[in-house]
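Here's a friendly walk through a structure you may not have seen before. Take a look at it first, and then we'll go through the parts one by one.

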2 protein chains.
Amino acid sequence: MQPRIRENYVKAIYKLCQKNKEGAYTNDIALALQVKAGTVSESLKKLSEEGFIVYYKHRAVKLSAKGQQLALRIIRRHRLWEVFLVEKLGFGWDEIHPMAEELEHIDFDQLTDRLDVFLDKPSVDPHGDPIPDKNGKLSKVNYRNLTACSLHEYVSMVGIENHQPSFLQLLDQLGLRLGTKLLIKEIIPFDGSMLVKIGKKEFYLSKTVSENILVGPHKE
Amino acid sequence: MQPRIRENYVKAIYKLCQKNKEGAYTNDIALALQVKAGTVSESLKKLSEEGFIVYYKHRAVKLSAKGQQLALRIIRRHRLWEVFLVEKLGFGWDEIHPMAEELEHIDFDQLTDRLDVFLDKPSVDPHGDPIPDKNGKLSKVNYRNLTACSLHEYVSMVGIENHQPSFLQLLDQLGLRLGTKLLIKEIIPFDGSMLVKIGKKEFYLSKTVSENILVGPHKE
DNA sequence: ATTTAATTTTAGGTAAACCTAAATATTTTA
DNA sequence: TAAAATATTTAGGTTTACCTAAAATTAAAT
């Protein structure tokens, strides 16, 4: 199996496993990779023979230890390149995904590790997602969903749950970036929206928006 | 035809055309890409249909305008990434080729152009090879072969004609890098070797070595 | 507990990039 | 300039990743 294709399967399975504890379903993998279910079935057999997944016919698949290792290597590369693109080249966080999607497949340990050092060993990418270290270890970010916060809480944005450019652009408009502090001024029971103070301005955030915002205690 | 494969053919043809004015021969392309001649024949037909080459059966091929444009885009990306790897990540000039060989295929104009700016629009790569600009224009480097220099000339290294790691490592040992000044102290007629002064030391360079060194007038 | 619905797998096919080896061109040499 | 040597192309095959559609399995609903 071609490395790039293998990597895309492993990455897709990794992400699906984070949602469904059961594992990744054939159809969902097919959707993620934009291929047909039959193709996925074939590929799963090969990935299984290669030892990257644990696979029983008609069951959701999981990554083996070897598969997880690979997934974390890809994610590490993806997120490091994202930091590079934003910090060094000045791209917006809404523009970088497609480029990182290519760069993540470039597989030279030296390159990844030196990039890491060059970027000052960042712990999170521009979206707040943690970057696995050289050994595949993921630091845990302390976060809650914004909708889980109470009135008058003063919190700091640490991540997001939606990476669509349109969502990222909305956050830009609101002045919401990683580390931005926000105060919950009001919670509207009717539609779950909330009034928040960001910097000097106040905005209503729809429930759909706040559901996709992750916050943590803001350290001063 | 898959972009990566097309790019590798176009690049190989570009390089072969620089040596043979006639064009690139099937067998040489096959050698460069490590495939069989029959495969090359097939591919040439496709590249021709796609308009990247000018091809008549049993004749050496040349790049069309479109093909040259593509070649220069790839070379631009390759050389910019090489600068990045050396200047920013601290790799040696003997280590970077394989990585640049992958990075060169990542095709986002914005990425290339921002990388260019980030690196201060370099005009040459770490080996002294010129970097095409955004429009595919190649600046000409003023150079002569070291073997063409006369006794007592004082010149500056501006490039090399051999990119093998072992050659680059030898130059490192001699303290020869881009911009290094060298004085020709003696020319040995017997074997064409020469005694040169590099910094404070003197070395004999075999003809094979000096043949691969390009020098220019050293500007102070 | 069947039947129905949904999901997954299998079977048979296609296209791209490779291969080998035979056939055809071209070039070189005698 | 004809034969020999070299280079290129063509013809027929293989493999991989994809496809469609039928068959099989599992899950859901009556």
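Which element gives the largest share of the surface near DNA strand D? That would be α3(B), with four residues.

## Before we dig in

This is a predicted model, where local features need pLDDT of at least 70 and side-chain atom pairs count only at pLDDT 80 or more, while totals for chains, interfaces and linings use all residues. Residues are numbered from 1 along each chain as its sequence is written, chains are lettered from A and ligands numbered from 1 in the order in which they are written, and side-chain values use heavy atoms, with hydrogens and water left out.

## Around DNA strand D

Back to strand D. There are 21 residues around it, and Gln2(A), Thr39(A), Ser41(B), Tyr55(B) and Lys57(B) come nearest (a residue is near a strand if one of its heavy atoms lies within 4 Å of it). Of the strand D atoms that come within 4 Å of the protein, sugar and phosphate account for 80%. The surface near DNA strand D draws two or more residues from each of α1 (3-19) and α3 (37-49) of chain A, and from each of α2 (26-33) and α3 (37-49) of chain B. Those helices are DSSP runs numbered from the N terminus (H or I, at least four residues; strands are E, at least two).

What sort of residues make up this surface? Seven are nonpolar, eight polar and six charged. Here Ala, Val, Leu, Ile, Met, Phe, Trp, Tyr, Cys and Pro count as nonpolar, Asp, Glu, Lys and Arg as charged, and the others, Gly among them, as polar.

Now for some atom-level detail. The side chain of Tyr55(B) has an N or O atom 2.4 Å from a phosphate oxygen of DNA strand D. Chain A joins in through its backbone: an N or O atom of Gln2(A) sits 2.6 Å from a phosphate oxygen of the strand, and a polar backbone atom of Lys36(A) is 2.8 Å from a phosphate oxygen.

## Around DNA strand C

On to the other strand. DNA strand C has 21 residues around it, with Ser41(A), Tyr55(A), Lys57(A), Gln2(B) and Thr39(B) coming nearest. Sugar or phosphate makes up 80% of the strand C atoms within 4 Å of the protein, and bases make up the rest. At least two residues each come from α2 (26-33) and α3 of chain A and from α1 and α3 of chain B; α3(A) gives the most, with four residues. By class, this surface has seven nonpolar, eight polar and six charged residues.

A few phosphate distances round this out. Ser41(A) brings a side-chain N or O atom to 2.5 Å from a phosphate oxygen of DNA strand C, while Asn27(A) has a backbone N or O atom 2.9 Å from one. From chain B, a polar side-chain atom of Lys46(B) lies 3.4 Å from a phosphate oxygen of this strand.

## Where the two protein chains meet

Chain B and chain A each put 19 residues into their contact (heavy atoms within 4.5 Å). Together they bury about 1,700 Å², 80% of it on carbon and sulfur atoms; buried area is the accessible area (1.4 Å probe) that two parts lose on being put together, summed over both. On the chain B side, α4 (65-88), α5 (97-103) and α6 (109-118) each supply at least two residues. The largest share there, five residues, comes from α6(B). That side divides into 13 nonpolar, two polar and four charged residues.

How many salt bridges cross this interface? The rule finds zero, a salt bridge being a side-chain nitrogen of Lys or Arg within 4 Å of a carboxyl oxygen of Asp or Glu.

## Salt bridges elsewhere

Over all chains, the structure holds 31 salt bridges. One of them pairs Asp109(A) with Arg73(A), whose closest N and O atoms are 2.9 Å apart. It links helix α6 (residues 109-118) to helix α4 (residues 65-88) of chain A, with the two residues 36 apart.

In chain B, Arg76(B) and Asp113(B) form a salt bridge with closest N and O atoms 2.9 Å apart. Arg76(B) is in helix α4 and Asp113(B) in helix α6, so the pair ties together parts 37 residues apart in sequence. Arg76(B) counts as buried, at 5% relative accessibility (buried means under 20% relative accessible area, exposed over 50%, partly exposed in between, with a 1.4 Å probe and protein chains only).

Methods. A polar contact is a pair of N or O atoms within 3.5 Å; within protein, one must be able to donate a hydrogen and the other to accept it, and residues adjacent in sequence count only if both atoms are side-chain atoms.
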